[in-house]
Amino acid sequence: VLLCLTYPLSDLEIYMPEIYAPGHSPEKNLACQVLSVEALNASVYRIELLAPAGSKLAYLPGQYLELHVADQQLPYSIANAPDPECPRRLELHISNHNDVTAVIINELKTAADNKETIKVTLAKGDCFLKGVQEQPILLVCAGTGFSQIKCIAEAILAQDPEHEIHLYWSNRSLEEFYLYDLPKQWAVDYINVHFHPILEAKIDGTADSWQGRAGWIYEVIHEDFNDLRNVQMYACGSPNMIHGTLDQLEKLGLSEANMYSDVFSYAPRKK
């Protein structure tokens, strides 16, 4: 079908499943070695995987993989940007918050101790870095949503170290900032990177020692910007958080067209 030479006679939709974005590749199954399982705080673990020798990890910053573990296929954001110096390494951040995730963490620990492999499928997801344009980039996340944002931030800084970045990371308690020193160091190393940790719990009067910003993410962003028409936003969090942030910031010019999130794919609003 030569679309450049064809004229539609009515409204239509063209579905072409074999067409990929630049740099995007078909999904692959790999048997990855579990290198380490490291506790970052009381509930979040960093998992390091190593792809087989000679394999190519084809994924875009912001995409996720499916982990085949405990008789399930579970999606987790890839937390590290592609690195030519370590092209086989994959990093995941997994929160151990219920019985299911406890089983997953234990199986991964066992695999690491026994130097076993685990099957993964990658890459998945439509929320990935769309190129570094001239406009400021806002990276917005809650909880372990930081894993996807970390990957995107690393890719931006590798492509354009002077690009203006605002990173907003919200948590309910101080302990949940499980890699707090990393974005804090980015803000030290790059004058163009602005890190905004946000504590939700202070709304209820807790964490009185917190000297940083508090409230809902959209409130803090509103304090920093009065016009969001010329920004790119990448957001990772719950559907309520993503849709609510968009609703509150639409008055400043933010639209779904310049806000990228996997939520729009797996939890779209009913029309």
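Is W169 buried or exposed? The points below take up this residue and then the wider fold of what is a predicted model.

1. W169 is buried, its relative accessible area being 0%. A residue counts as buried when that value is under 20%. Two ring partners of W169 can be described in detail, namely F146 and F177.

2. The structure contains 8 aromatic pairs. In one of them, the ring centres of F146 and W169 are 4.2 Å apart and the planes meet at 10°, so the pair is stacked. The cut-off behind that label is an angle under 30 degrees between the planes. F146 belongs to helix α2 (residues 146-159) and W169 to strand β8 (residues 165-171), so this pair ties together parts that lie 23 residues apart in sequence. Both F146 and W169 are buried.

3. The pair formed by W169 and F177 has another geometry: the ring centres are 5.3 Å apart and the planes stand at 80°, so this pair is edge-to-face. F177 is buried, with a relative accessible area of 7%. Ring pairs join F146, W169, F177, Y178, Y180, F195 and W210 into a cluster.

4. A ring also takes part in a contact with a charged residue. K130 lies over the face of F128, at 3.8 Å from the ring centre.

5. One open sheet consists of 6 strands in the order β4-β3-β6-β1-β2-β5, and its pairing is antiparallel. Its edges are formed by β4 (72-77) and β5 (89-95), each of which pairs on one side only. On average, neighbouring strands in this sheet are turned by 40° against each other, with direction ignored.

6. Within the antiparallel sheet, strand β3 (residues 64-69) pairs with strand β6 (residues 117-124) over 4 bridges. L67 has V120 in β6 as its bridge partner. Helix α1 (residues 99-113) packs on this sheet and touches β1 (28-39), β2 (44-50), β3, β4, β5 and β6. The direction of α1 makes about 95° with that of β1.

7. A further open sheet, also of 6 strands, runs in the order β10-β9-β8-β7-β11-β12 with parallel pairing. β10 (213-214) and β12 (259-260) are the edge strands and have a single partner strand each, so one side of each is left without a neighbour in the sheet. Strand β8, which carries W169, stands between β9 and β7 in this order.

8. Strands β11 and β12 pair in the parallel sense over 2 bridges. The bridge partner of Y234 is Y260, in β12. Helix α5 (residues 239-249) packs on the parallel sheet, where it touches β7 (137-142), β11 and β12. The direction of α5 makes about 150° with that of β11.

9. Where does D227 lie? D227 is found in the loop between α4 (217-224) and β11 (232-236). D227 is partly exposed, with a relative accessible area of 30%. The side chain of D227 makes a polar contact with the side chain of R229 at 2.6 Å. From D227 to V140 the separation is 87 residues in sequence and 17 Å in space, taken C-alpha to C-alpha.

Note on methods:
Residues are numbered from 1 along each chain as its sequence is written. This is a predicted model: local features need pLDDT of at least 70, side-chain atom pairs count only at pLDDT 80 or more; totals for chains, interfaces and linings use all residues. Side-chain values use heavy atoms; hydrogens and water are left out. Rings of Phe, Tyr and Trp (its six-membered ring) pair if their centres lie within 6.5 Å; planes under 30 degrees apart count as stacked, over 60 as edge-to-face and the rest as tilted. Buried means under 20% relative accessible area, exposed over 50%, partly exposed in between (1.4 Å probe, protein chains only). A charge sits over a ring if NZ of Lys or CZ of Arg is within 6 Å of the ring centre and within 35 degrees of the ring normal. A polar contact is a pair of N or O atoms within 3.5 Å; within protein, one must be able to donate a hydrogen and the other to accept it, and residues adjacent in sequence count only if both atoms are side-chain atoms. Two strands pair if DSSP finds at least two bridges between them. Axes are lines fitted to C-alpha atoms, for helices over the stretch in contact, and angles run from 0 to 180 degrees between N-to-C directions. Contact means heavy atoms within 4.5 Å.
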